[in-house]
Amino acid sequence: MFENLSERLSGVFDRLTKQGALSEDDVKTALREVRVALLEADVSLPVARDFIKRVQDQATGQAVTKSVTPGQQVVKIVHDALIDVLRGEGEPGALKVDAPPAPILMVGLQGGGKTTTTAKLAKRLKDRDGKKILMASLDVNRPAAMEQLAILGMQIGVDTLPIVKGEDPVAIAKRAKTQASLGGYDVYMLDTAGRLSIDEELMAQVEAIRDVANPRETLLVVDGLTGQDAVHTAENFDERIGITGVVLTRMDGDGRGGAALSMRAVTGKPIKFVGLGEKMDALETFEPERIAGRILG
Ligand code: GDP
């Protein structure tokens, strides 16, 4: 469905005069194609524009080496710049979970994959880092969601906070904290309620939970296939709650990954993990190289 960017660019450069260095006009023409590729990959227009500007300055005047075509050279420059933006600062996949019990707050919209990701992450911290984890569901409006976390906990061998009917989310967060201290847990994870869209009630609730738990990490879980909606969600949650990182789910789907670039550019927050399926081990550290390859096609 998508024409490969390298192919597109070789076409462009075939029409241009061959020179020893990339001229401003050459680069401009080529970057028009790059812009189309970015937009097709669901990168937002302002982000694509900024990105193109950054690459343009970098590429103009670069000597064309004999081993590659000018088209390949521009693709390489674009690829490296994409990785730069996507990577940002810090180590992808790293979490601040020292000083036990370390709270991790999981936030996001309903259906984004929050509960699944909470369990996947708990399993990862247990298996890889040998951490003792307690998970708690705070989704009091959906008993099924609380049950779901308990079932996943049993599957992966991670404790969940016993469900007490009628308890409000803030009280559950407090109980999780106490239980985590008394039980000698390294980390406790709070799986908050999601809504179909962002609303005041949800945000106020998550805020109150945040203030009680004082989380070391606040991870936003968003469906990577929802493109610009995912970016708006991230903006909203970051402004109101303050997130420390993002988990992009459904990256096993056929999305082009442009949301990752927009999200990174707009919020400045790192993408820490990607979800690659429904199974409990389908969670991987975010790899900028993979997404860059996907965006360029
Ligand atoms: P929540 O409402 O945000 O807690 O969402 P859930 O964790 O219940 O997930 C909703 C659905 O998405 C479930 O059927 C999950 O198995 C599925 N899901 C979650 N993460 C992924 C992922 O990375 N890839 C795929 N293919 N499905 C996922």
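Let's start with burial. The protein has 297 residues, and 49% of them count as buried. Keep in mind that this is a predicted model.

Now the overall layout. The protein contains 11 helices and 8 strands. Its C-alpha trace spans about 75 × 40 × 30 Å along the principal axes. Look next at the contacts between residues with a separation of 6 or more. Of those, 76% join residues 24 or more positions apart.

I'll go through the helix packing, then a strand residue, then a loop, then one annotation.

Helix packing. Two packed helices are described by the angle between their axes and the distance between the axes. I have two pairs to show, and α4 is in both.

Pair one is α3 with α4. Their axes lie 10 Å apart and make an angle of about 130°. That makes the pair oblique, because an angle between 115 and 145 degrees is neither roughly perpendicular nor roughly antiparallel. The crossing is right-handed. Which residues of α3 and α4 meet? From α3 we have F51, R54, V55, Q58 and A59. From α4 we have I77, V78, A81, L82, D84 and V85. By class, that contact holds 8 nonpolar residues, 1 polar and 2 charged. Q58 is the polar one. The charged ones are R54 and D84.

Pair two is α4 with α10. Helix α4 covers residues 70–87, and α10 covers residues 258–267. Their axes come within 8 Å and cross at roughly 55°. So α4 is oblique to α10 as well, since 55° falls between 35 and 65 degrees. This crossing is left-handed. On the α4 side, the residues are L82, V85, L86 and R87. On the α10 side, they are A260, L261 and R264. The contact divides into 5 nonpolar residues, no polar and 2 charged. The charged pair is R87 and R264.

Put the two pairs together. L82 and V85 of α4 appear in the contact with α3, and they appear again in the contact with α10.

On to a strand residue, V247. V247 sits in strand β6, residues 245–249. Is V247 buried or exposed? Buried, because its relative accessibility is 0%. What does V247 touch, leaving aside neighbours within four places in sequence? The list is T117, L219, L220, V221, V222, F273 and L283. There is also a link back to α4. V247 and L86 are 161 residues apart along the chain, and their C-alpha atoms are separated by 13 Å. L86 is one of the α4 residues that meet α10.

Next, the loop between α4 and β1. Three residues there are worth a stop.

P92 is in this loop. P92 counts as partly exposed, because its relative accessible area is 22%. Beyond four places in sequence, P92 touches I271, K272, T285 and F286. P92 and K269 are 177 residues apart in sequence, yet 11 Å apart in space, C-alpha to C-alpha.

Now the backbone. Most residues other than glycine have a negative phi, and most peptide bonds are trans. Here are some exceptions.

A99 is in the loop between α4 and β1. Its phi is near 50°, a positive value, and A99 is not a glycine. A99 counts as exposed, because its relative accessibility is 56%.

Then comes a cis bond. The peptide bond from P100 to P101 is cis, with omega near -5°. P101 also lies in the loop between α4 and β1, and β1 covers 102–107.

One more positive phi is found in another loop. D42 has a phi of about 75°, and it is not a glycine either. D42 lies between α2, which covers 24–40, and α3, which covers 45–59. D42 is partly exposed, because its relative accessible area is 35%.

Last, the annotation. An unreviewed UniProt entry lists residues 270–283 under "domain: SRP54-type proteins GTP-binding". What is the chain doing over residues 270–283? The stretch is 0% helix and 43% strand. Its end C-alpha atoms are 16 Å apart. We have already met residues from this stretch. F273 and L283 touch V247, while I271 and K272 touch P92.

Key:
Residues numbered from 1 in each chain as written. Predicted model: local features only at pLDDT ≥ 70, side-chain atom pairs only at ≥ 80, totals over all residues. Heavy atoms only, no water. Axes fitted to C-alpha atoms, helices over the stretch in contact; angles between N-to-C directions. Helix = DSSP H or I, 4+ residues; strand = E, 2+ residues; numbered from the N terminus. Left-handed = near helix turned anticlockwise from the far one by under 90°. Contact = heavy atoms within 4.5 Å. UniProt positions renumbered as here; feature names shortened; annotations may be inferred. Buried < 20%, exposed > 50% of the residue type's maximum accessible area, 1.4 Å probe, protein only.
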